[in-house]
Amino acid sequence: MIPQKQETAVQQQVVVEVPIEQAFKIFIEKFDLIKPREHNLLAVAIAETVFEPRVGGSIYDRGVDGSICRFARVLAYEPPHRVVFSWDIDPQWQIEKNPERTSEVEVRFLSETPHRTRVELEHRNLDRHGEGWEALRQGLGSEGGWPLYLQRFVSLALQ
């Protein structure tokens, strides 16, 4: 019997009726509105989520008291086609400081017509997180994970 390889990624996609440049801009510049406030690792409420649009930048939450929780590093930034960032949150929903134990999220923007863009999100290498990564994959792929983020993105694109 050949053991079956477990899927180590979550993949989602949506189509929005906006040009590729606008879709990319909405995702990056309005990430604060895409990420739910209840997805919070701070000890206080989130005042804002910041997406620094450059390789080497961070994605972080700023608390109402000024505290900061950096949970991702921007690994590739290629407007308007793709962005890749690390996922520095472990299966216990704590910050992972070892980059070798983090996964990565790639968001690709593909122009279907001049006014329609397909957005493909792949959160891959989840097994790098070690023990418990399967539960992390399940949470990220569930209704309250990446599907929720993309639903909120689509709503912003309709405005």
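The paragraphs below walk through a predicted model of a single chain, from its overall build to a few individual residues.

It helps to begin with the architecture. The chain contains four helices and seven strands. Read from the N terminus, the order of these elements is β-α-α-β-β-β-β-β-β-α-α. Along the principal axes, the C-alpha atoms occupy a box of roughly 55 × 45 × 30 Å. A compact globule of 159 residues would have a radius of gyration near 15 Å, and the chain has 16 Å, so the value agrees with that expectation.

The next topic is how the chain packs and what it shows to the outside. Of the 159 residues, 45% are buried. When contacts between residues at least 6 apart in sequence are considered, 50% of them join residues at least 24 apart. The exposed area of the chain comes to about 8600 Å², and carbon and sulfur atoms supply 49% of this area. The chain also carries 19 positive and 24 negative charges, and the mean positions of these two sets are 3 Å apart.

Aromatic rings deserve a paragraph of their own. A pair of aromatic rings is described by the distance of the centres and the angle of the planes. The structure holds 13 aromatic pairs. One of them is formed by F71 and W87, whose ring centres are 6.4 Å apart. The planes of these two rings meet at 70 degrees, and since an angle over 60 degrees counts as edge-to-face, this pair is edge-to-face. The pair links distant parts of the chain: F71 sits in strand 4 (residues 68-78) and W87 in strand 5 (residues 82-87), 16 residues apart. Both partners are on the buried side of the 20% cut-off: F71 has a relative accessible area of 4%, and W87 has one of 5%. Ring pairs also tie F71 and W87 into a cluster, together with F24, F27, F31, F51, Y77, F85, F109, W146, Y149 and F153.

Another buried residue is L150, which belongs to helix 4 (residues 146-158). Its relative accessibility is 2%, and L150 therefore counts as buried. Leaving aside residues up to four places away in sequence, L150 touches Q12, Q13, V14 and L121. For L121, the separation from L150 is 29 residues in sequence, while their C-alpha atoms are 8.7 Å apart in space.

Finally, some backbone details are worth a look. Most residues other than glycine have a negative phi, and most peptide bonds are trans. Against this background, the bond that joins P79 and P80 is a cis peptide bond, with omega at about -5 degrees. P80 is located in the loop between strand 4 and strand 5.

Positive phi values occur at W93 and N125. W93 is not a glycine, yet its phi is positive, at about 60 degrees. This residue lies in the loop between strand 5 and strand 6 (103-113). With a relative accessibility of 38%, W93 counts as partly exposed. N125, likewise not a glycine, has a positive phi of about 60 degrees. N125 is placed in the loop that runs between strand 7 (116-124) and helix 3 (133-141). Its relative accessibility is 21%; buried means under 20%, so N125 counts as partly exposed.

Notes: Residues numbered from 1 in each chain as written. Predicted model: local features only at pLDDT ≥ 70, side-chain atom pairs only at ≥ 80, totals over all residues. Heavy atoms only, no water. Helix = DSSP H or I, 4+ residues; strand = E, 2+ residues; numbered from the N terminus. Rg over C-alpha atoms; globule rule 2.2 N^0.38 Å. Buried < 20%, exposed > 50% of the residue type's maximum accessible area, 1.4 Å probe, protein only. Contact = heavy atoms within 4.5 Å. Areas by Shrake-Rupley, 256 points an atom, 1.4 Å probe, with all protein chains shown as cover. Lys, Arg positive; Asp, Glu negative; His and termini not counted. Charge placed at Lys NZ, Arg CZ, Asp CG, Glu CD. Phe/Tyr/Trp six-rings, centres within 6.5 Å; stacked < 30°, edge-to-face > 60°.
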